[in-house]
Amino acid sequence: MKLEKKDVLKALEQITVPGEGKNMVESGAVKNIQIFGDEVEVDITIANPSLQARKKTEVEILKIIHKEVYEKAKIKINVKVEAPAAADKPKTNEIKGKPLPGIKNIIAVASGKGGVGKSTVTANLAVTLAKMGFKVGLLDADIYGPSMPIMFDVAMEKPLAVTIEGKSKMKPVESYGVKLLSIGFFTQPNQAVIWRGPMASKALNQMIFDAHWGEIDFMLIDLPPGTGDIHLSIMQAMPVTGAVVVSTPQEVALADARKGVAMFQQDSINVPVLGIVENMAYFTPEELPDNKYYIFGKEGAKHLSEDLKVPFLGEIPLVQSIREAGDVGRPAAMQVGTPIANAFEEITKNVVQEVVSRNEELPPTEAIKITTMAGCSPVKKK
């Protein structure tokens with residue numbers, strides 16, 4: 001029996017392309033048909049990448065050609081998968097973020113692990129930016145362990161109410177040129193905040209949207225440790241420009257810092273990571289200024305940044321005066337001409353440069369709307 005190409009095409013019109021609702025010929029899935037005696041070779045292209053769809057397509061083609069054209073035909077099927085480009089896919093779990101009036105750049109400072117000095121780094125970044133002449137705001141989003149009121153020596157202050165366009169707004173407390181809001185202003189020093197996630201998220205939203213921040217060049221957000229509810233609430237509430245991850249060189253801390261970076265890089269979140277800061281990089285005794293003791297390991301965060309291909313923003317040594325300055329409410333970066341102040345100034349310059357580069361190369365970040373648990377899944381980004 002002589003096989004005809006038109007008969008094969010007519011048979012293939014009876015097969016629907018997986019996920020498209022059109023038949024194979026109409027959709028253009030059939031790319032080529034070659035006939036050699038009783039042999040038929042069919043080239044097919046489908047968009048569905050699943051193995052199930054591929055096997056289903058092959059079986060249907062075999063059955064329909066044997067049934068409608070020639071039951072003893074020898075059939076070879078070449079199935080190629082061409083998934084649509086990511087840019088063509090609808091972003092079902094993202095909505096365009098509503099920019100906060102007057103706030104130009106929002107930087108989230110995070111750490112996978114507690115106790116690595118994230119709040120200390122955030123406070124010193126803030127005052128260094130203010131020293132450089134920028135207008136700076138700082139939101140203490142660590143609901144369960146707010147420390148910024150102490151670090152800025154304003155633990156006994158309370159935000160005032162101001163009327164803006166007929167609405168009552170909170171006026172952030174200002175210290176060292178930094179506008180500051182924290183849940184610590186609304187609780188007693190010995191009072192524990194025992195809230196579930198929704199309550200904490202609601203409090204954060206009030207400090208974000210019910211405050212009059214005014215004109216701000218850089219808003220820093222001191223996030224709690226980990227990758228949980230508060231982080232998602234922040235990224236749902238506002239379009240974050242970029243994230244800074246703080247870690248010590250210790251392997252235990254680096255393992256969690258890696259997860260912190262991965263959280264921001266997930267497709268469902270997609271916040272650019274501006275870089276990694278290595279805190280407590282080494283210890284130098286005052287009486288031995290040329291000696292460096294790598295108590296927590298050497299250059300661990302630097303190697304992590306190279307491994308993850310994100311910028312390394314700099315290192316901060318383990319120095320007693322940094323702790324003392326934070327405890328008395330005068331961040332160490334306020335010092336003039338000291339190695340510590342210089343270190344924070346260098347890191348801050350790198351952060352600013354990364355923000356500038358990010359704004360030149362990438363579109364504005366969108367606030368996210370998590371519609372499925374995919375937003376929280378431990379997916380490894382390829």
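Is G117 buried or exposed? Keep that in mind while we look around this model, which is predicted.

Let's start with strand β12, residues 273-283. Most of this strand is covered up, with 10 of its 11 residues buried. On one side of the story is strand β11 (residues 242-247), which pairs with β12 in the parallel sense over five bridges. If you want a spot to click on, try A243, whose bridge partner in β12 is V273. To get from β11 to β12, the chain travels through helix α8 (residues 251-265), and this β-α-β crossover is right-handed.

Now follow the chain onward. β12 also pairs with strand β13 (residues 312-318), in the parallel sense and over five bridges. Here you can look at V277, which has G314 as its bridge partner in β13. The route from β12 to β13 goes through helix α9 (residues 300-308), and this β-α-β crossover is right-handed.

Back to our opening residue. G117 sits in the loop between β4 (103-110) and α4 (118-131). Its relative accessible area is 17%, and because buried means under 20%, G117 counts as buried. Leaving out residues up to four places away in sequence, G117 touches V246, N279 and M280.

S119 is worth a look too, and you'll find this residue in helix α4. S119 is buried, with a relative accessible area of 11%. Again setting aside residues up to four places away in sequence, S119 touches S147, M148, M151 and D222. An unreviewed UniProt entry lists both G117 and S119 under "binding site", along with others including G112, K113 and K118.

Terms used: Residues are numbered from 1 along each chain as its sequence is written. This is a predicted model: local features need pLDDT of at least 70, side-chain atom pairs count only at pLDDT 80 or more; totals for chains, interfaces and linings use all residues. Side-chain values use heavy atoms; hydrogens and water are left out. Buried means under 20% relative accessible area, exposed over 50%, partly exposed in between (1.4 Å probe, protein chains only). Helices (H or I, at least four residues) and strands (E, at least two) are DSSP runs, numbered from the N terminus. Two strands pair if DSSP finds at least two bridges between them. A crossover is right-handed if, with the strands pointing away from the viewer, the path from the first strand over the helix to the second runs clockwise. UniProt positions are given in the numbering used here, feature names are shortened, and annotations may be inferred rather than shown by experiment. Contact means heavy atoms within 4.5 Å.
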